[in-house]
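Please open the structure in the viewer and keep the selection panel at hand. The tour proceeds by selections, from the ligand to a pair of strands.

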Amino acid sequence: MSTGEGAAALVLVLNAGSSSLKYQLLEPDSGTVTADGLVERIGEQISTISHEQGGAETVEELHLPDHRAAIAKAMELFASKGTDLTEAGLCAVGHRVVHGGRSLYAPTLIDAHVIDEIVRLSPLAPLHNPPNLVGIEAAQALLPDVPGVAVFDTGFFHKLPDASARYAIDRALSDEYALRRYGFHGMSHEFVSRRAAEFLGVDYAGVNQIVAHLGNGASMSAICGGQPVDTSMGMTPLEGLVMGTRGGDIDPGLLFHLHRVVGMSVDEIDFLLNKRSGMKGLCGENDFRAVTAMIDAGDADAREAYDIYIHRLRGYFGAYLVELGRTDIISFTAGVGENAAGVRADSLARLAGFGIEIDPDRNAVRGSQPRIISTDGSATTVLVVPTNEELAIARHAKALVVA
Ligand code: ADP
């Protein structure tokens, strides 16, 4: 196995999300990125791929029906830019894998057993584990001599206290089937909370934080002295906040009603909750930029979808502020959290009495670096902290293969 020692050790990171594929070729210690790319709107009529390498960006619009096609296209662009990945000095391919269940939580070298386990866990994350596996299989076929490392979204929340991890249902049943809250977006919650402490020059173990990861998928976490004590996603990535195509929290009784009275099958209900809910279900668009454009054009459904999105966010902020007792830092991250100033302002509006005050001018500033958006007088410091799941994965992957 490659030891990955030396300055040239590179990691190829594949981060296959529900409708997107992010990839990067990078050096984990310095964070220097040789090439990166983003495929968006996979499965829609027109997908977009943007690939950046050697200072030049290639953007193409084409139909990419699934993640396999997206990865194949990315590999083609690498080759067209002169990078033969078999000779690029890779020490590992790092894969984001969403659900590791109880058995997989630390970064893990991928072998047949690990693949079987990820397949077994796929029903828990039907939108995510399957595209993650497509990435793993494509990388194994292309780079059979480079070790693959799986880094799990659930890993950071492995030690979630029972009070938040355990569902209040029959104890024996939940123990037998490992029914519990696992939490997701763990790499992002860990990366952002560590970065926030580093940015402010405070001890990670000495501060209490809330992280709002708001992308297509969305989740929030409460972190007390570096240990996650709560998170909004549960046994699957369906629980919690309103998301692009997932509605988050729902009365389970509604599902029985859909089955018994409306006559929907379990698969139809599954599809409804994963694909036809959230912003998409409420106003027809899951992309937040499109929702914002609809609101600006006076669309009432989009306006109501936005209000529901904010209402849920505020509910979680309230819960976590009480749970932590003292909150030193709140960070917004991911596509919506980093870019939608209105969401940040509205979700923390009217909280001066709780020691949280956003500065409108600071909040309006755009940028790619961590930044403070609260007033100097705000007891809780509110930040925008761009997430970097790829760098987090690359560092975990290199640490494992070098060890
Ligand atoms: P994921 O990784 O879960 O696919 P991202 O973190 O890439 O998601 O976030 C995607 C979301 O961010 C989309 O809803 C997109 O519309 C939103 N987004 C991206 N840029 C902006 C922007 N400038 N303003 C508002 N929303 C944005």
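A polar contact is here a pair of N or O atoms within 3.5 Å. The model on display is predicted.

**The ligand and its polar contacts.** Select the ligand together with Ser 20: an N or O atom in the side chain of Ser 20 is 3.4 Å from an oxygen atom of the ligand. Add Gly 217, where the partner is a backbone N or O atom, lying 3.4 Å from a ligand oxygen. Next display Phe 288, of which a polar backbone atom is 2.9 Å from an oxygen atom of the ligand. The protein buries 80% of the 580 Å² that the ligand exposes when taken alone.

**The surrounding shell.** Which elements give two or more residues to the shell around the ligand? Colour helix H10 (288–296) and helix H12 (334–339), for these are the elements concerned. H12 gives the most, with four residues. Now select the 14 residues around the ligand; those that come nearest are Asn 216, Asp 287, Phe 288, Arg 289 and Gly 335. By character, the shell divides into three nonpolar, seven polar and four charged residues.

**The hairpin.** Leave the ligand and select residues 47–53, strand E4, and residues 56–62, strand E5. The two strands run antiparallel and are joined by seven bridges. Within this pair, label Glu 52 in E4 and Glu 57 in E5, which stand opposite each other. Finally, centre on the turn: two residues lie between E4 and E5 in this hairpin. In that turn, Gly 54 has a positive phi of about 60°.

Terms used:
Residues numbered from 1 in each chain as written. Predicted model: local features only at pLDDT ≥ 70, side-chain atom pairs only at ≥ 80, totals over all residues. Heavy atoms only, no water. Pairing = 2+ DSSP bridges. Near = heavy atom within 4 Å. Polar contact = N/O pair within 3.5 Å; in protein donor to acceptor, adjacent residues only side chain to side chain. Areas by Shrake-Rupley, 256 points an atom, 1.4 Å probe, with all protein chains shown as cover. Nonpolar A, V, L, I, M, F, W, Y, C, P; charged D, E, K, R; others polar.
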